[in-house]
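User: I would like to learn how to read the main features of a protein model, starting with its surface. Could you take me through the general idea each time, and then the case at hand?

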Amino acid sequence: MSPFSKSLRFSQRVAAACVRQHSSLTTELIENMDKKATWDRFYTESNSKTTNFKNFEWFFGFDAIRDFIMPLLQTKSNPDALLQILDMGCGTSAVGPCIYRHSPVPVRVTCADISPIAVRLMQEHVQSKAIQPLNLSSQLEFVELDCTRLHKHFGSRSVDLIVDKGTTDALLRSKEGKGKAGLVLKQCLKVLQGSGSLLQFSDEDPDARLLWLETEAQEQGLKAADVGVHEVGELRGVCYYCYQVTPRSNI
């Protein structure tokens, strides 16, 4: 399948979600998924029609990917250390809170999004539900953060795991977002521990995404990261993948 066909299919699914929420958002969201104002409008209008908060999941929820995430948390060299986890471009997804709730090892989960509306909605939801972690030392926070500037919030080599469920896809399919997607990847490699990983969940074919990742993960002509791919599975006729990016400590 061509990259154009993949992009069109992704856009059609986004459009379907918008129709369910607010049809006038469709064109804006498809073309401008890299813009803060677009997401502010999306989350404002998505939650204006109901008094009951509901998590909005791109692609799928936590249960579909927990087997990719949880084993990485239990293979760290120091099981007592507070692992730093970033749910990047979290929106109103339940993935970050689910990691916090189910991790047997202590974690500090940071759910970050460019939209302050999404951040506020999640803060209010978690407070109202009083979610308790499996490990009592675990922590959960929600922050407004432009993911092209992760270094403003995280120190170099300070994060153990970054989860990206659709954020890079949204940037790559936007009119002006491809450059931002490359910058986000470089920021991830900067803040990740040498033993850390970036997990990108996507519907993009490996032939296209692996080439893009390997090309972008270059520094001074050297390979800055190792890249692998695993199949997540098929959902509603669409095949999804987990791209695992691990920084090379010698770069």
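Analyst: Accessible area is computed by the Shrake-Rupley method with a 1.4 Å probe. The model shown here is predicted. Its protein chain exposes about 11,700 Å², and carbon and sulfur atoms supply 50% of that area.

User: How many of the residues in the protein chain are buried?

Analyst: A residue counts as buried when its relative accessible area is under 20%. Of the 251 residues in the protein chain, 52% are buried.

User: What does the chain hold in terms of helices and strands, and how are its contacts spread along the sequence?

Analyst: The protein chain has nine helices and nine strands. Take the contacts between residues at least 6 apart in sequence: 75% of them join residues at least 24 apart. One pair shows such a separation in sequence alongside a distance in space. Glycine 196 and valine 245 are 49 residues apart in sequence, while their C-alpha atoms are 8.7 Å apart. Glycine 196 belongs to strand β5 (residues 192–202) and is buried, at 0% relative accessibility.

User: How should I read empty space in a model, and where is the largest pocket?

Analyst: Rolling a probe the size of a water molecule over the atoms shows where empty space is left. The largest pocket here has a volume of about 410 Å³. Its lining consists of 25 residues, and those nearest the pocket centre are Met33, Trp39, Ile114, Thr167 and Leu171. Elements giving two or more residues to this lining are α3 (36–46), α7 (167–172) and α8 (178–191). Sorted by class, the lining has 13 nonpolar, five polar and seven charged residues.

User: What about closed space: how many cavities of 30 Å³ or more does a search find?

Analyst: A cavity is space where the probe fits but cannot get out. The search of the whole structure finds one of 30 Å³ or more. The largest cavity has a volume of about 50 Å³. Trp58, Asp87, Met88, Gly89, Cys90, Ser93, Val95, Lys165 and Thr167 line this cavity. Their classes are four nonpolar, three polar and two charged. Thr167 is named in this lining and also among the residues nearest the centre of the largest pocket.

User: Is glutamate 141 buried or exposed, and which side chains does its own side chain meet in polar contacts?

Analyst: Glutamate 141 counts as buried because its relative accessibility is 18%, and the cut-off is under 20%. The residue sits in strand β3 (residues 139–144). Its side chain makes a polar contact with the side chain of arginine 108 at 3.0 Å and another with the side chain of histidine 153 at 3.5 Å. Leaving out residues up to four places away in sequence, glutamate 141 touches Arg108, Val109, Thr110, Cys111 and His153.

User: Backbone angles next. Which residue in the loop between β3 and β4 has a positive phi?

Analyst: Arginine 157 lies in that loop, which comes before β4 (159–165). Its phi is near 55 degrees, a positive value in a residue other than glycine. Arginine 157 is partly exposed, with a relative accessible area of 31%. Phenylalanine 59 is another case: its phi is positive, about 70 degrees, and it is not a glycine. Phenylalanine 59 is in the loop between α3 and α4 (66–73). With a relative accessible area of 9%, phenylalanine 59 is buried.

Note on methods:
Residues are numbered from 1 along each chain as its sequence is written. This is a predicted model: local features need pLDDT of at least 70, side-chain atom pairs count only at pLDDT 80 or more; totals for chains, interfaces and linings use all residues. Side-chain values use heavy atoms; hydrogens and water are left out. On a 1 Å grid over the protein atoms alone, a cavity is a set of points where a 1.4 Å probe fits but cannot get out, and a pocket is an open set with protein on both sides within 12 Å along at least five of seven lines; lining residues have an atom within 4 Å of a point. Grid points are joined across faces, edges and corners, and a volume is the space filled by probe spheres set on the points. Helices (H or I, at least four residues) and strands (E, at least two) are DSSP runs, numbered from the N terminus. Ala, Val, Leu, Ile, Met, Phe, Trp, Tyr, Cys and Pro count as nonpolar, Asp, Glu, Lys and Arg as charged, and the others, Gly among them, as polar. Buried means under 20% relative accessible area, exposed over 50%, partly exposed in between (1.4 Å probe, protein chains only). Contact means heavy atoms within 4.5 Å. A polar contact is a pair of N or O atoms within 3.5 Å; within protein, one must be able to donate a hydrogen and the other to accept it, and residues adjacent in sequence count only if both atoms are side-chain atoms.
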